[in-house]
Amino acid sequence: MPNHEHPHDNSHMQPSTGLKDPVCGMNVTTDSVHHCDYQGQHFYFCNPKCLTKFQLDPIRYLTPQSTDSVAPTEVVIGVEYTCPMHPEIVQASAGTCPKCGMALEPMQPCLDEQENPELVDFRHRFWRTLPLTLCVFVLAMFGHQLHWFDMATQSWIEMVLSIPVVLWAGWPFYVRGWQSIQHRSPNMWTLISLGTGSAFIYSIVATLTPSSFPESFMSMGRVAVYFEASAVIISLTLLGQMMELQARSQTSAAIKSLLKLAPKTARRILASGEEEDIPLTHVYVGDRLRVRPGEKVPVDGIVIEGSSAIDEAMLTGEPVPISKRIGDKVIGATMNTTGSLVIRSEHVGSSTMLAQIVQMVMQAQRSRAPMQRMADTVAGYFVVTVIAVAIITFLGWGLLASNWVFGLINAVAVLIIACPCALGLATPMSIMVATGTGANHGVLFRDASAIENLRKIDTLIVDKTGTLTEGRPVFDRIVCAAPFNEAELLYLAASLDQGSEHPLAAAIVRAARERNITLGAVTQFESSTGIGVYGVVDGKKLAMGNTALMQQAGIDSTALLNPAEELRTQGASVMYLAVDGQLAGLIAVADPIKTTTADALASLRAANIRVIMATGDGVTTAQAVGKTLGIEEVYGEVKPADKLALVERLQKEGRCVAMAGDGINDAPALARADIGIAMGTGTDVAMNSAQVTLVKGDLRGITVARAISVATVANMKQNLAFAFVYNSIGVPIASGVLYSLTGWLLSPMIAAVAMSLSSVSVVFNALRLRQAVVNETL
């Protein structure tokens, strides 16, 4: 039985008595409250979820599954959490990152997930303590003018009001600050906890034991206290975190929009011929599924009955519905338009194209760009430097200016305003927005490094078949020898080839069926590997293949030598057909160039990118395609090792090389290139070897991907500039360096406001990237 990951109710579980849950295989006992009868037998389950699954389809769980019937992987969304700034941090429960203190997020969002629990928690802490913060603020600012209390009593009142704010509302910040010290990873929370904590502790001591302070610390009949600074900073930090969390939640919109594409149920056809609607998670490989008009295709599969047009725009961007007949593949989550289809499921659960796209988007969003690694390193040193500056500020004001009060205030302001939150968010936010935007444009980035480096490419190596061309042979034309005609030859050739699985044969058979030609029966079929086939149709002995086959059969093909060579120079594959020992004609099958290829190459040349074609096809065919597309540098009959060597040679010449391909033979070169670009219409091996996947299989996607790369790097630089410029201006003012010249000082409260606004500005600038990318690609 498949091993489903889900929570189990073990409250009734005793040591094993030999009973097993038929759904998940867990040991159960007769004490379980989850049980049912089926065909006179009683079954027990570990939890209600397993019971429900069994009741929906008991036969599936009672019939041993063959090796051909593979159950879909049931993914429990959100069981693993990661840090948006440090994706290497992964744990099975929610919490905070031990490196930066940021709240961990689910590794994959789901449509029914609840609101971010940290956002809910911070919202409660903020609104429940905001009245207390306002009271402390009013007392501190205006209490001496209102004369409600004497100043010593006011200090006690401020302390009582601020304790819930600092110790309850601000508790998460202190936990994170302590964790940063434990893990020797100084970050924004180190500064916030030190700044607010030092001001709060100082104020408590000043309230409880004012006599222990020097006379210079006295102000208006009491030792000056700064409860309002700690409380207001905590509240402002909470507000800034709420705004940031709310904005960050928008970055998962791309993944959620992809998840929404999948239907919730599928209609399965049972062996008895009856049909039932089942949850999508209950679909297995090999199941027969009916797709009615107006319904979404539930999983990836192959058509076994019916015909229809499938709208694949949601995944591939193709605006025109694609005709699907028996033997054609369909993609899960695409829309069936008018006809009814029966499909056999081939990929389910996490192996469907939609699931793989979601996984690639998530992987890219969690990766770190080289620029981010630099920012992380800078941030670590920056925090240590800021703490040193804060200490120097405190001692400098106290020792040199004999004003310890100003020293404390300015030291706290330095710690707060220098918070590296904006620095830490600068690149992750840009990467998250860019990957989501790319997915919406049919471009999937494997990681952040691909986004950052794609803009640097100056050389593009492209495969031919499936990259520049459709990748599927299509019947081109027939050249007849007297006395035969085209219809007769197509009938004979297609009848002979219906027993062959060769792609060229399939193209001929498909052409005959499209012309509504009824094929005849073939007997004595024989395949001669690599050169052609023999057979008998309607009593006529046929031989079809290349020149070698004609020579083997003793048939002179020189009469059609010139038209055959002309077709080859146009990129077509040519097969001779002989009937009863006489040359009857030749059939040309071509791999047509994609309609979008010419525009894509033109835009790449406009970007000064050198385009090279390297293909395993014959030199004549390769040069023909290259001439048609204006590609001057063409390599034909190259093996996978030759493509790899070509990439390495260009890299040694100092070129930044991208490789675009779709087949297994392209995988080594895709992996070795600076940027590997796979066609989404190609093989899984190619996509797994590449850093970028073009879902539509359209080379124009490279231009889109490059525009995203350029815009994203510019956006990251803008964010880093915001963070560095803000700190370079704020820290000197907060420390009081400019006080003697300008009289400028920065209170801790104003510093907290500036810190929060800096982080929010970085977030919203990153979100602006979505529109910037759209404008560049129009």
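The pLDDT is the predictor's confidence in each residue, on a scale from 0 to 100. For the chain shown here, the mean pLDDT is 76, and 74% of the residues reach 70 or more. This is a predicted model, in which local features need a pLDDT of at least 70 and side-chain atom pairs count only at pLDDT 80 or more, while totals for chains, interfaces and linings use all residues. Residues are numbered from 1 along each chain as its sequence is written, and side-chain values use heavy atoms, with hydrogens and water left out.

The secondary structure comprises 27 helices and 31 strands; these are DSSP runs numbered from the N terminus, with helices (H or I) of at least four residues and strands (E) of at least two. Among the elements of the chain, strand 12 (residues 288-291) has the highest mean pLDDT, at 92, and helix 9 (residues 313-316) has the lowest, at 52. Over residues 65-78 the pLDDT stays under 50, and the model gives this stretch 29 contacts beyond four places in sequence, a contact being heavy atoms within 4.5 Å. Residues 316-320 also have a pLDDT below 50, with eight contacts in the model beyond near neighbours in sequence.

Turning to the chain as a whole, 52% of its 778 residues are buried, where buried means under 20% relative accessible area, exposed means over 50%, and partly exposed lies in between (1.4 Å probe, protein chains only). Of the contacts with a separation of 6 or more, 64% are between residues 24 or more positions apart. About 34,100 Å² of the chain is exposed, and carbon and sulfur atoms supply 58% of this area; accessible areas come from the Shrake-Rupley method with a 1.4 Å probe, and for residues only the protein chains shown count as cover.

The structure also holds 14 salt bridges, each one a side-chain nitrogen of Lys or Arg within 4 Å of a carboxyl oxygen of Asp or Glu. In one of them, Asp463 pairs with Lys643, with the closest N and O atoms 3.1 Å apart. This pair links distant parts of the chain: Asp463 lies in the loop between strand 20 (459-462) and strand 21 (474-480), and Lys643 lies in helix 21 (residues 640-652), 180 residues apart. Both Asp463 and Lys643 are buried. Arg268 and Glu276 form another salt bridge, their closest N and O atoms being 2.7 Å apart, and both residues are buried. A network of salt bridges links Arg267, Glu275, Asp277 and Arg290.
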